[in-house]
Structures are given as structure tokens and as C-alpha cells.
Amino acid sequence: MNTTKIIAHRGASGYAPENTISAFQKALEFNVHGIELDVHMSYDGYLIVCHDEGVDRTTNGKGLIKDLTLNEIKSLDAGGWFSKKYSGQRIPTLQEVLDLIGNKGIFLNIELKSGPIIYPNIEREVINVIEDYGLSGNTIISSFNHYSLLEVKRIKKTIKTAPLYMAGIVSPWKYARDIGADGIHPYFYNVTPQLVKLSSDNGIFVNTFTVDDPNYIKYVIGCGVAGVMTNYPDRGFSALEEIQS
Ligand code: G3P
Ligand code: MG
């Protein structure tokens, strides 16, 4: 029995505009095991769910999130760039996403976008919110900024953390242990059966991103990863079915 979890990357972002409520709703329709999303902070201190530091690519606006107020961000159309059908979608706050998915029993992977722009206290703010929603036991906090993960552990040891990386970490399971992390989130080209085995032997889970090619999805599942992040959750479930049949 394969236990790999299917994680909707930025929501089901192959089918609806990434990191919007429509993408998270779509992910729920696919019955995903988990959802990944990205968090920044607005000028007035709100936690904003968006991938880029700026709003230019995914909205009809311009500028950096750190320079925009929540009201300014909320005035932008975050769906029209993807398809007319989705125009009128707004960039959500973290709380708005949790209002939708918080009681669905799926796990959450919050990626702190704490670099290159540094948001003061973003770690504390995110922890406060997930604690308010009773989700701290059901959340993994990840980041390419591993100092942010040290800060998360300093604030609350029991929250799971996982360093994101693209390539080139020697013995990442040792590194994860060194920084007090619970897992690793490698780019999928790094995944091998040995990586997963040695990590798991050392008590470190492996969730990999972002795998949309069905053959690669099958490959990483075959390597035994705990979770696979994909923009197309249905491809993840088809791969699981194929492997099990
Ligand atoms: O958290 C996995 C993945 O989202 C990391 O890269 O750039 O898609 O946020 P990115
Ligand atoms: Mg991300």
C-alpha cells in the first residue's frame, strides 16, 4: 500500500489561478491530502498568499507586496491573467484560505517567502495564525530561507519545518537534523530511492516539488516520498492508482 500524499501546489494551480480561493477550492474537489501555499506580508502587516514578491505577473496591478496595503492588494484582479472565467478572483490573506480549508482535515504546507525580501516577524505572525485556527499540529512550514526555519523552531519547537532546496546539499538528512527540521523539501530532480531511504532511516520525511509530468510523479512515488507537490492533483492520484493496480 502506497502512502504518498498528493499536495496541491499553490492550490490546484494547473486548473485555476495559483494561490487564489478558486485554486484551493479546486484542490478540495480533488480530495487532496495537503495544500501548499506561499506567504508574504503587506505594507500594513497582513499575511498575503501569493507566490511572487510583486503582483505584476498574477494580477492587473503593479508593485511589491511589501509596498502595498491590504486594501490596495484587494482591489486587484488575481484571476483574469489565467482565464476570463476567473476574473474577479482576489489575492487572499492566509486567514481567508484557512477559513476555507482549515476544518477539512488536510494538511497545510506554508512556504515562507522570506527572501530576497525580508518581512520582519513573519514567522511569529504565521505561527499566531495557525495556532488561532488550531492547525499548528497539521502544518509544515517550509522556506528557501533556512534561517526562517530556525526562527520557527525557536518560537515553537513542535511545529514541523522542512528546508526547501533546488540542488547540491550533501547528506540533506544530516543538514535537516542540524537545523532541527523534521523533513526536507527537495526539487524533484534530487529525489532518489537512496535519498528517501537515508532520510527516513534518520527520521526525516521527504516531500518533493513541483512534479507535473506523470512519469516523474510515478518515479518519485516509487522512490517512497512522503508527499508530492503538483499543480495537477488528478495526475498524482492517477499515478497512485496505476502503481497500486
Ligand atoms: O514549496 C514548494 C515550491 O512551491 C517551492 O518553489 O517557487 O514554487 O514556491 P516555488
Ligand atoms: Mg511555494
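1. Let's start with a loop. Pro116 sits in the loop between β4 (107-112) and α4. Look at the bond just before Pro116: the peptide bond from Gly115 to Pro116 is cis, with omega near 0 degrees. Keep in mind as you look around that this is a predicted model. The protein chain has an average pLDDT of 97, and 100% of the residues score at least 70. For the model, the scores are ipTM 0.99 and pTM 0.98.

2. Now the annotation. The unreviewed UniProt entry has "domain: GP-PDE" covering residues 4-240. Over residues 4-240 the chain is 32% helix and 19% strand. Check where that stretch begins and ends, too: its end C-alpha atoms are 8 Å apart.

3. Next, the inside. In soluble globular proteins, nonpolar side chains tend to be buried together. Here the largest nonpolar core has 65 residues, and Ile35, Val39, Ile48, Val126 and Val228 are those with the most contacts inside it. Helix α4 (residues 122-132) gives the largest share of this core, five residues. Try picking out Val228: not counting residues up to four places away in sequence, Val228 touches Thr4, Ile6, Ile7, Thr208, Val211, Ile217, Val220, Ile221 and Gly236.

4. Gly236 takes us to helix α9, where Pro233, Arg235, Gly236 and Ala239 are buried. These four cover an arc of only 160 degrees around the axis, which puts them on the same side of α9. Which residues are exposed on the other side of α9? They are Glu241, Glu242 and Gln244. As for partners, the buried residues of α9 pack against β1 (5-9), α1 (21-29), α8 (214-223) and β9 (227-230).

5. Here's a quick ruler check on α9. Its twelve residues, 233-244, should span 16 Å at 1.5 Å a residue. The end C-alpha atoms of α9 are 17 Å apart, which agrees.

6. Helix α7 (residues 193-201) is worth a look as well, with Leu195, Val196 and Ser199 buried. Seen down the axis, the buried residues of α7 fall within an arc of 95 degrees, so they line one face of the helix. On the face turned away from that buried side you'll find the exposed residues Pro193, Gln194 and Asp201. The buried residues of α7 pack against α6 (172-178), β7 (183-186), β8 (205-208) and α8. After α7 comes Gly203, with a positive phi near 75 degrees.

7. Glycine isn't needed for a positive phi, though. Arg10 is not a glycine, yet its phi is positive at about 55 degrees. Asn31, also a residue other than glycine, has a positive phi near 60 degrees. Arg10 is in the loop between β1 and α1, and Asn31 is in the loop between α1 and β2 (34-41). Is each one buried or exposed? Arg10 counts as buried because it has 26 C-beta neighbours inside 10 Å. Asn31 counts as exposed because it has 11 C-beta neighbours inside 10 Å.

8. One last residue: Leu149, in helix α5 (residues 146-155). Leu149 has 27 C-beta neighbours inside 10 Å, so it counts as buried. What does Leu149 contact, leaving aside neighbours within four places in sequence? Its contacts are Ile141, Ser143, Thr161, Pro163, Ile179 and Ala181. Leu149 and Ala181 are 32 residues apart in sequence, but 7.5 Å apart in space, C-alpha to C-alpha.

Terms used. Residues are numbered from 1 along each chain as its sequence is written. Chains are lettered from A and ligands numbered from 1 in the order in which they are written. This is a predicted model: local features need pLDDT of at least 70, side-chain atom pairs count only at pLDDT 80 or more; totals for chains, interfaces and linings use all residues. Helices (H or I, at least four residues) and strands (E, at least two) are DSSP runs, numbered from the N terminus. The expected span of a helix is 1.5 Å times one less than its number of residues. A residue is buried if 20 or more other C-beta atoms lie within 10 Å of its own, exposed if 12 or fewer, and partly exposed in between; C-beta atoms are placed from the backbone. The arc is that of the directions from the helix axis to the C-beta atoms. Two residues are in contact if their C-beta atoms, placed from the backbone, lie within 7 Å. UniProt positions are given in the numbering used here, feature names are shortened, and annotations may be inferred rather than shown by experiment. A nonpolar core is a set of buried Ala, Val, Leu, Ile, Met, Phe, Trp, Tyr and Cys residues joined through C-beta atoms within 7 Å. pLDDT is the predictor's confidence in each residue, from 0 to 100.
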